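Biologist: I am new to this one. Could you show it to me and then take my questions in turn?

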Amino acid sequence: MTASSLFQTYNRANLSFEKGEGVWLEGSDGRRYLDMGAGIAVTALGHAHPHLVEKLQEAVAGVWHTSNLFRIPEQERLADRLVAATFADKVFFCNSGAEANEAAIKAARRYHYVKGAPERWRIVTIEGAFHGRTLGTIAAGGSPKYLEGFGEPAPGFDQVPFGDSEALKAAIGPETAAIMVEPIQGESGIRPFDIAALREMRRLCDDNGLLLIFDEVQTGVGRLGTLFAYETIGVTPDILTSAKGLGGGFPIGACLATDDAASGLVAGTHGTTFGGNRLAGAAGNAVLDVVLADGFLDEVKRKGLLAKQLLAGLVDSHPTVFELVRGEGLMLGVKTKAPLGDVVGAAREAGLLVIPAGDSTLRLLPPLIVSDEEIREAVNRLDAAAGAVEAAAQNGAGA
Ligand SMILES: *Cc1c(COP(=O)(O)O)cnc(C)c1O
C-alpha cells in the first residue's frame with residue numbers, strides 16, 4: 001500500500017500511466033499495456049486521439065467557462081447534433097452519469113407534476129441495475145452493497161427482478177411515473193435484456209402514460225455499433241442518459257428527451273454550474289466528429305463480432321478459467337469460473353487491462369478505434385493470462 005492523502009474509497013492497483021497513444025498505455029513500471037477497459041468505457045477514441053487533442057487545444061486557448069447564465073455555442077452545437085442523430089428534441093448537459101440520471105428522474109417526476117398528476121413520482125427500476133453513486137441513484141439502483149450505512153434510502157423507487165414481466169406489471173400503480181433501465185446492464189456483468197422484455201416495457205409505458213428512461217451511460221456513444229443502444233434494440237425511450245464516452249475522457253453527461261418528456265423542467269427547476277461548459281462542449285463535438293463519420297459505427301459492429309468470435313474460441317480452450325462470452329458490439333463480458341480477481345490480475349501481468357464487473361464477469365470495453373490486430377493481441381494476452389491461472393491452480397493442487 002502506498003501512503004496517500006486520498007479518501008480510501010478505491011482499491012487501486014499500484015500503477016499509473018505516463019503516456020498513452022490509441023489503445024496503448026505506458027505504465028509507471030515501464031511496461032506497455034493494451035487498454036481494453038478505456039477507463040471504464042470513457043476514452044472512446046483511445047488516448048491522445050489527434051482530432052480530440054487539436055479541438056481541445058483550440059478550446060483551452062479560448063474562453064473556458066461562462067456558466068449557464070449565458071449562451072454557450074459549443075453546448076448548443078452539441079445539443080443540435082445529438083437531437084439530429086436521435087429520437088430526442090432537447091438535451092440537458094451535466095458532468096457525469098449519475099447527474100444525467102438525476103436529471104432524468106427529475107424530468108420524469110416533474111413531467112407528471114406539470115400535467116396535474118403530482119402523485120405520479122415513483123420510478124420502477126431493475127434489480128442489479130447501476131445508475132450511479134449519488135443518494136438518489138443508489139436508491140434507484142437498489143444494491144444493498146451501495147446503500148449500506150447511508151441511512152434510509154431515498155424514497156420513490158420500486159425494484160423488480162431482471163426480466164420478470166409479471167413483477168414489472170404488478171409494480172406499476174397510480175403513483176408510477178416511469179420505468180428506468182439499462183438496455184445492457186454493465187456493472188452487474190454485461191447482462192443483456194432480451195428485446196421482448198424491452199418492447200414490453202415500452203408497451204406498458206404507452207398503456208399507462210409512463211415515461212421510459214434508458215440509462216445509456218455505458219452503452220451509448222457508439223459502443224454497440226449504433227450511436228445509442230436503443231437503435232440496435234429497436235425500442236425508443238422518452239428519456240435517455242449519456243456520459244462516459246461522450247467526452248472521450250473529458251467529464252460530461254447528458255440527458256436527452258422528447259419535447260414532451262422535457263416539458264416539466266422549465267427555467268429554475270434544475271441546473272448546474274459546470275454542465276456543458278465550453279471545454280466539455282468542444283470535447284463532445286470532437287468525439288461526435290469521429291463517431292458520426294461515414295462508416296465508423298459499421299466498423300465498430302464488425303470489430304465487435306470479430307472480438308466476440310475470438311473470445312468464444314478462448315472460452316472453449318480454457319474451460320476451467322472461463323464460462324461464456326456475452327454482450328454486443330465492443331461491450332463484451334467474459335464470465336469466469338476461476339476467481340475474477342485472479343484473472344484480471346493475470347491479465348495485467350500479461351500486459352492487458354480489463355475491467356471487473358459483477359456476476360464474476362470481466363469486461364472488455366476497448367476504445368472504439370481498436371484495430372483487428374489489437375483485438376487479436378488482446379485475445380492472445382488473455383490466453384496467456386488464462387494459462388497462468390491454470391498453472392497456478394495446478395501448482396496449488398499439487399502443493
Ligand atoms: C458508470 C455508470 C453510471 C454512473 O456514471 P458516473 O459518471 O460514474 O456518475 C450510471 N449508469 C451506468 C449504466 C453506468 O455504467
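Modeller: Before the questions, one term: contact means heavy atoms within 4.5 Å. Please also keep in mind that this is a predicted model.

Biologist: Which residues does R202 touch, not counting residues up to four places away in sequence?

Modeller: R202 is found in helix α8, which covers residues 195-208. Leaving out residues up to four places away in sequence, the residues that R202 touches are L210, L212, V235, T236, P237 and D238.

Biologist: Is R202 buried or exposed?

Modeller: Buried means under 20% relative accessible area, and exposed means over 50%. R202 has a relative accessible area of 15%, so it counts as buried.

Biologist: Which side chains does R202 join through polar contacts?

Modeller: One polar contact, of 2.9 Å, runs between the side chains of R202 and D206. Another, of 3.0 Å, joins the side chain of R202 to that of D238. The partners asked for are D206 and D238.

Biologist: How many residues apart are R202 and D238?

Modeller: The side chains of R202 and D238 meet in a salt bridge, with 3.0 Å from N to O. This pair links distant parts of the chain, with R202 in helix α8 and D238 in the loop between α9 (229-233) and β11 (239-242). D238 is buried because its relative accessibility is 14%. Along the chain, R202 and D238 are 36 residues apart.

Biologist: How many salt bridges are there in the whole structure?

Modeller: A salt bridge here needs a side-chain nitrogen of Lys or Arg within 4 Å of a carboxyl oxygen of Asp or Glu. A search of the whole structure for such pairs gives 17.

Biologist: In the salt bridge of R326 and D359, which residue is buried and which is partly exposed?

Modeller: The side chains of R326 and D359 meet at 2.7 Å, N to O. R326 sits in strand β13 (residues 322-328) and D359 in the loop between β16 (355-357) and β17 (361-364), 33 residues apart. With a relative accessibility of 15%, R326 is therefore buried, while D359 has 36% and so counts as partly exposed.

Biologist: Which residues do salt bridges with shared partners join into one network?

Modeller: Some salt bridges share partners, and through them a network is formed. Its members are E166, K169, E200 and R203.

Biologist: And E76 and R71: which is exposed and which is partly exposed?

Modeller: These two side chains, E76 and R71, form a salt bridge of 2.8 Å, N to O. E76 has 30% relative accessibility, so it is partly exposed. R71 has 68%, so the exposed residue is R71.

Biologist: Which helix gives the most to the shell around the ligand?

Modeller: The ligand is surrounded by residues including S96, G97, A98, N101, H131, E182 and D215. They divide, over the whole shell, into three nonpolar, six polar and three charged. With three residues, the element that gives the most is helix α4 (residues 97-114).

Biologist: How much of the accessible area of the ligand does the protein cover?

Modeller: A nitrogen atom of the ligand is 3.2 Å from a polar backbone atom of F130. Oxygen atoms of the ligand lie 2.7 Å from a polar side-chain atom of Q218 and 2.6 Å from an N or O atom in the side chain of K244. On its own the ligand has 380 Å² of accessible area, and the part that the protein covers is 81%.

Methods: Residues numbered from 1 in each chain as written. Predicted model: local features only at pLDDT ≥ 70, side-chain atom pairs only at ≥ 80, totals over all residues. Heavy atoms only, no water. Helix = DSSP H or I, 4+ residues; strand = E, 2+ residues; numbered from the N terminus. Buried < 20%, exposed > 50% of the residue type's maximum accessible area, 1.4 Å probe, protein only. Polar contact = N/O pair within 3.5 Å; in protein donor to acceptor, adjacent residues only side chain to side chain. Near = heavy atom within 4 Å. Areas by Shrake-Rupley, 256 points an atom, 1.4 Å probe, with all protein chains shown as cover. Nonpolar A, V, L, I, M, F, W, Y, C, P; charged D, E, K, R; others polar.
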